[in-house]
Amino acid sequence: MKSIELSVTGMTCGNCVKHVDHTIRTIAGVEDVQIELSSGKVGVQGEFPQGVEPIIAALAEDGYVAKLIS
Ligand SMILES: [Cu+2]
């Protein structure tokens, strides 16, 4: 299992956190998600056979801009 960290902008409240969490968990291979609203940092654990692009694209569709930090 791998671990990545994303920086997500556009989250303003607990509903955004739930939304982002749900969206990321719909991506195949994702096993766990941690979200810190204040910093916008999002940790994701799992297998990423197609890289992080599917996650970034799904979040963009929901109106959140995500960047890979590590
Ligand atoms: Cu919100």
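Let me begin at strand 4, with L68, which, leaving out residues up to four places away in sequence, touches I4, E5, L6, V52 and I56. This is a predicted model, so please take every value I quote as computed from it. L68 is found in strand 4, and at 46% relative accessibility it counts as partly exposed. What is the C-alpha separation of L68 and E5, given that they are 63 residues apart along the chain? The answer is 6.2 Å.

One of the contacts of L68 is I56, and that residue takes us to helix 2, which spans residues 53-61 and whose buried residues are I55, I56, A58 and L59. Those four cover an arc of only 165° around the axis, and this is why they can be said to lie on the same side of helix 2. The face turned away from that buried side carries the exposed residues E53 and E61.

Against what does the buried side pack? The buried residues of helix 2 pack against strand 1, residues 2-9, against helix 1, residues 14-25, and against strand 2, residues 30-36, as well as strand 3, residues 41-46, and strand 4, residues 65-68. Just after helix 2 comes G63, which takes a positive phi of about 95°.

Of these partners, I would like to dwell on helix 1. How do the axes of helix 1 and helix 2 cross? They come within 9 Å of each other, and they cross at roughly 140°. Because of that angle, helix 1 is classed as oblique to helix 2, the boundary for roughly antiparallel being over 145 degrees. As for handedness, helix 1 passes helix 2 in a right-handed crossing.

At the level of residues, V20, T23 and I24 in helix 1 meet I55, A58 and L59 in helix 2. Sorted by class, this contact of helix 1 with helix 2 has five nonpolar residues, one polar residue and no charged residues.

Let me stay with T23 for a moment, a residue that lies in helix 1. Is T23 buried or exposed? At 8% relative accessibility, T23 counts as buried, since the limit for that class is under 20%. Not counting residues up to four places away in sequence, T23 touches A58, L59 and D62.

D62 belongs to the loop between helix 2 and strand 4, and its relative accessible area of 30% makes it partly exposed. If we set aside neighbours within four places in sequence, D62 is in contact with H19 and T23. D62 and L6, by comparison, are 56 residues apart in sequence and 16 Å apart in space, taken from C-alpha to C-alpha.

Next to T23 in our discussion I would place H22, which also has its place in helix 1. H22 is exposed, with a relative accessible area of 54%, whereas T23, as I said, is buried. The C-alpha atoms of H22 and Q34, which are twelve residues apart along the chain, are separated by 11 Å.

Finally, let me turn to strand 1, where K2 lies. Which residues does K2 touch, not counting those up to four places away in sequence? They are V44, Q45, G46, E47 and F48. The C-alpha atoms of K2 and V17, 15 residues apart along the chain, are separated by 22 Å.

To return to the main point, the buried residues I55, I56, A58 and L59 of helix 2 pack against both helix 1 and strand 4, among other elements, while E53 and E61 are exposed on the face turned away from the buried side.

Terms used. Residues numbered from 1 in each chain as written. Predicted model: local features only at pLDDT ≥ 70, side-chain atom pairs only at ≥ 80, totals over all residues. Heavy atoms only, no water. Buried < 20%, exposed > 50% of the residue type's maximum accessible area, 1.4 Å probe, protein only. Helix = DSSP H or I, 4+ residues; strand = E, 2+ residues; numbered from the N terminus. Arc of directions from axis to C-beta. Contact = heavy atoms within 4.5 Å. Axes fitted to C-alpha atoms, helices over the stretch in contact; angles between N-to-C directions. Parallel < 35°, antiparallel > 145°, perpendicular 65-115°, else oblique. Left-handed = near helix turned anticlockwise from the far one by under 90°. Nonpolar A, V, L, I, M, F, W, Y, C, P; charged D, E, K, R; others polar.
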